[in-house]
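Colleague: I would like to go through this model and ask how each label was earned. Please give the cut-off whenever a term comes up.

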Amino acid sequence: MPNELSNKKHRASTPKIVSKKQSTGLECGASPSSDAPIIQVSSPTFELFDDDIERRSFAFFRLRTVPEISGFFPSDFWDRLVPLASFYEPALKHAVIALASLHERFENGDESILRANDDLVEGGFALQQYNKAIRQLITPSGKQSEPSLDTSLVACVLFACFESLRGHHGSALSHIDSGVKILSRIYDDERQSPKKTQPSQLCVPRECLDVIFTRWDMQKVDLLGTWPMDLPLLKEDTFPGFTAHIPPQFHSLAEARNSLEYQKNLCVRQLFKFERAEVFERGNESQEHRDAYDRNRRHHKKQIEHWISAFQAFLDANVDKIDGKAWQGALVLKMSARLAAMNFGVDAYDYLHLQTSWDDQLAVHEELIDMATVILDAQDAPPGKGYRVKPIFQMDHMMIGNLFGIVHRCRDPYQRRRAIALLYKVPRQEGIWNSELTARCAERIMQVEEDGLGVVTCAEDIPDWARISSVDVKFDPPHRRGCIKFSRQRSFHSTVREPVTDFLEW
């Protein structure tokens, strides 16, 4: 067991980052580079663990939670920075222990964590530690009158993960929004005072936190259809890949992932302005407005195609070096890029108003489902007597959002049911996305579209008027219910898509 988990008591000062460069050289999905800052520490300023239960949960976090929560890609944030920060900030220590305790119950299939109450007895050790972490942030011990910015932001990340595991998505989103507001205030201050320097004592580089909250914001956009937050995109010299430029060949999976996320983030911001415009919602946009929207879509499709070419060159050059988790991560990136290219390839008017336009993409949908099958089969353990699939917990959404996107666009009854079966196959919590709840919403969408049409044997059996669009979902696991908002024509004779709210319970 690591030395930090021993029974000895340590005392220490706050860690201090020393760097010759303003840039950290760190990437949240990769190991630190040679330009990474040197962190000078002495020994802990507080008694690290109050008892053996805390010590055990911290060990569980290091050995089980960290490898799983980072998903398919290595993460310096989870591997090193969060454990280090928790040694010097009591609030983060209790938050880490709370998350680890809850994660262990999640792995063991303990459904009591989803119950809609905050009873400390039923909530158990995890909820007690969670409340301790909140109290430490409100009334911090020591000389500081309030927590540092990085402590507050890391706490928002840990709290959002904790609430996501509990199924309290509203609370999780509130913590994410709190982090976004903190970052937004920092950016506003920087714009007003460009020469203002960042605090010298930071456990976690700000750029690393920028990436995390930007990724989480994309989850909110995909799930709820919310307006994307206005966080600035990062610079190439800070995180390789975060730039509009796409090289002929990527040098690492981390660079390829950053590049794809940069392109998707930029695209969402630009296209959202078109899609949420009042004239688009009414369906009477001008030809000029539609042409501008179409040009934007074609540009982003071209960028994604460049990304696919650069990524394939990387895979061809490293075919013997990529295996295990890295290989699964490569498939996830390839799947996400193919889905994005397909979405941008549909004509602007058809994308907004003609749902039958997706029927031409059946071969792509089948290819994507095949990829997802390979990835999930690799994560699933071989069945046997007493076999139980262990649920998976990841911070970033990798599989669920992609499969849900396929389900509500692919109307082929066989491929659609394949995608839903994959959502049920391996229980997963990816940030605020839950695979089982997403599968239930996907089934409901399929039922709404196929209802009253008799036996559906192919996509063409579902007419355009029966198809839904503009899908937004909201989960409420503690109360075992969900809400789906979408647009649909009332009947064959209707010419306008009207907003509909549907509820499901389980």
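What follows is a set of questions about labels, each answered with a value and a rule.

Modeller: This is a predicted model, in which local features need pLDDT of at least 70 and side-chain atom pairs count only at pLDDT 80 or more, while totals for chains, interfaces and linings use all residues. Residues are numbered from 1 along each chain as its sequence is written, and side-chain values use heavy atoms, with hydrogens and water left out.

Colleague: Why are the rings of Tyr130 and Phe162 called stacked?

Modeller: Rings of Phe, Tyr and Trp (its six-membered ring) pair if their centres lie within 6.5 Å; planes under 30 degrees apart count as stacked, over 60 as edge-to-face and the rest as tilted. The count by this rule is 11 aromatic pairs. For Tyr130 and Phe162, the centres are 4.2 Å apart and the planes are at 10°, so the pair is stacked. Tyr130 belongs to helix α4 (residues 120–138) and Phe162 to helix α5 (residues 149–166), so the pair links parts of the chain 32 residues apart. Helices (H or I, at least four residues) and strands (E, at least two) are DSSP runs, numbered from the N terminus. Elsewhere, Phe250, Trp307, Phe311 and Phe314 make up one aromatic cluster.

Colleague: What makes Asp150 in helix α5 a buried residue?

Modeller: Buried means under 20% relative accessible area, exposed over 50%, and partly exposed in between (1.4 Å probe, protein chains only). Asp150 has 4%, so it is buried. Tyr130 and Phe162 are both buried as well.

Colleague: What does the side chain of Asp150 reach?

Modeller: The side chain of Asp150 comes to 3.4 Å from the backbone nitrogen of Val204. A polar contact is a pair of N or O atoms within 3.5 Å; within protein, one must be able to donate a hydrogen and the other to accept it, and residues adjacent in sequence count only if both atoms are side-chain atoms.

Colleague: How do you know how many disulfides there are?

Modeller: A disulfide is a covalent bond between the sulfur atoms of two cysteines. The test here is a pair of cysteine sulfur atoms within 2.5 Å, and the count is 0. Cys483 is in no disulfide, as the nearest cysteine sulfur, that of Cys441, is 8.8 Å away. Cys483 has a relative accessibility of 14%, so it counts as buried. Cys161, at 1%, is buried too.

Colleague: How do you know whether the span of helix α1 agrees with the expected one?

Modeller: The expected span of a helix is 1.5 Å times one less than its number of residues. Helix α1 (residues 52–69) has 18 residues and should span 26 Å; its end C-alpha atoms are 24 Å apart, which agrees. There is also a kink of about 40° in α1, centred on Phe61. The bend at a residue is the angle between axes fitted to the seven residues ending there and the seven starting there. At the start of α1, a side-chain oxygen of Asp51 lies within 3.0 Å of the backbone nitrogen of Ile53. Just after α1, Gly71 has a positive phi of about 75°.

Colleague: Why is helix α2 described as largely enclosed?

Modeller: In α2, 11 of the 13 residues are buried, so the rest of the structure largely encloses this helix. Among the buried ones are Trp78, Leu81 and Tyr88. The expected span for α2 (residues 76–88) is 18 Å, and its end C-alpha atoms are 18 Å apart, so the two agree. At Val82, α2 bends by about 30°, and Pro83 follows within four residues.

Colleague: What makes β6 and β7 a pair of strands?

Modeller: Two strands pair if DSSP finds at least two bridges between them. Strand β6 (residues 469–476) and strand β7 (residues 481–488) are joined by 6 bridges and run antiparallel. One bridge partner of Phe475 is Gly482, in β7. The hairpin has 4 residues between the strands, and Arg480 there takes a positive phi near 55°.

Colleague: Why does the phi of Ser470 get a mention?

Modeller: Most residues other than glycine have a negative phi. Ser470, which is not a glycine, has a positive phi of about 50°. Ser470 lies in strand β6. Its relative accessibility is 53%, so Ser470 counts as exposed.
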